[in-house]
Amino acid sequence: MLKIKTVTDLQNTLQKIRSTACKIGLVPTMGALHQGHLSLVKKSIAENHFTLVTIFINPTQFNATKDLEKYPQNLPRDFDLLQKVGCSAVFIPSIKEMYHGNVTAKKYDFGMLTQHMEGRFRSGHFEGVATIVEKLFLLVEADVAYFGEKDFQQLQVIKKVACDLPIKTKITPCETRREANGLAMSSRNELLSVPIRKDAKIIYQTLCRAKEKFRGGDSPFEIKNFVAKVLKKTGFALEYFEIADAENCTPITEKDDRLKNIRGFIAVVVEGVRLIDNIAFSS
Ligand code: AMP
């Protein structure tokens, strides 16, 4: 597995790869890899000749300095995991390499897509995500890029970024991988104490119960009250729960049979760690 640190080295490598008519798969990550990330990498390996994973903790997408400072890192372990699954190359640039002297996010207008949920509670987050993903897309010009549904609103933002760029890269969504108790895998799970990581199954359980209620005909208002009540009894502080149209990530206030793609979205904070999850409500 190639380990590439500079943009120049990456460009040289990709030039050679492209000249052999290889299909290139891209998997952007922030590292501290888990099986969720690896499911994206394995899919890329199965579908492409050359898989490039990027590991870069992108400063411009963190709206809280503390969150950035404590973000887990373990490059030796990440390299080992990637090597074992057969990844072709990993790109681990410095902040300087990606931003030069200007560590700021570009301005974007994502319309309704970023008005709610993560866009509302993490000001500037999606502009930071879009800035780095755009740089990677233009640099790599991959055939396919893989992103997880775990970060569903991010996935929709990235589809828009790709669509607006003069690139051929196709975005492939990948389903959320979960721990045995249902908790969505996340690098941030490493920051939880052992008992809380077990108790965190409540997040997925609550989403599933909310989905049952939605299918049973309860209104979004009733379901939001239900979720708030369930979590109030626990140490998990609810930041938001929304039932939203998956396409534009806009919350719905009443059931509308014309909307075919509805999902439940949740964000909670526990032990100072912010956890998000979402599932499909419509089949
Ligand atoms: P991150 O390192 O958190 O920026 O995630 C890198 C990519 O992995 C993103 O496309 C995430 O949506 C995806 N991802 C993170 N966790 C999971 C998971 N549990 N299942 C599937 N994909 C995931």
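Let's start with a pair of helices: helix 7 (residues 125-140) packs against helix 8 (residues 152-164) at an angle of about 45 degrees, and their axes lie 10 Å apart. Bear in mind that this is a predicted model. An angle of that kind is neither roughly parallel, roughly antiparallel nor roughly perpendicular, and helix 7 and helix 8 are therefore oblique to each other. Their crossing is right-handed.

Which residues make the contact? Helix 7 brings H125, F126, V129, A130, V133, E134 and F137, while helix 8 brings Q153, Q154, V157, I158, V161 and A162. By character, the residues of this contact divide into nine nonpolar, three polar and one charged.

Now to the sheet. Four strands form an open sheet in the order 8-7-9-10, with antiparallel pairing. Strand 8 (250-251) and strand 10 (273-280) stand at the edges with a single partner strand each, so one side of each has no neighbour in the sheet. Strand 7 (residues 237-245) and strand 9 (residues 262-270) pair in the antiparallel sense over eight bridges. As one example, E242 has F265 in strand 9 as its bridge partner.

Two helices pack on this sheet, as the table shows.

| Helix | Strands touched | Angle between directions |
|---|---|---|
| Helix 10 (residues 201-215) | strand 7, strand 9 and strand 10 | about 35 degrees with strand 10 |
| Helix 11 (residues 220-232) | strand 7 and strand 9 | about 155 degrees with strand 7 |

Strand 7 and strand 9 are thus touched by helix 10 and also by helix 11.

Conventions:
Residues are numbered from 1 along each chain as its sequence is written. This is a predicted model: local features need pLDDT of at least 70, side-chain atom pairs count only at pLDDT 80 or more; totals for chains, interfaces and linings use all residues. Side-chain values use heavy atoms; hydrogens and water are left out. Two strands pair if DSSP finds at least two bridges between them. Contact means heavy atoms within 4.5 Å. Axes are lines fitted to C-alpha atoms, for helices over the stretch in contact, and angles run from 0 to 180 degrees between N-to-C directions. Angles under 35 degrees count as roughly parallel, over 145 as roughly antiparallel, 65 to 115 as roughly perpendicular and the rest as oblique. A crossing is left-handed if the near helix is turned anticlockwise from the far one by less than a right angle, and right-handed if clockwise. Ala, Val, Leu, Ile, Met, Phe, Trp, Tyr, Cys and Pro count as nonpolar, Asp, Glu, Lys and Arg as charged, and the others, Gly among them, as polar.
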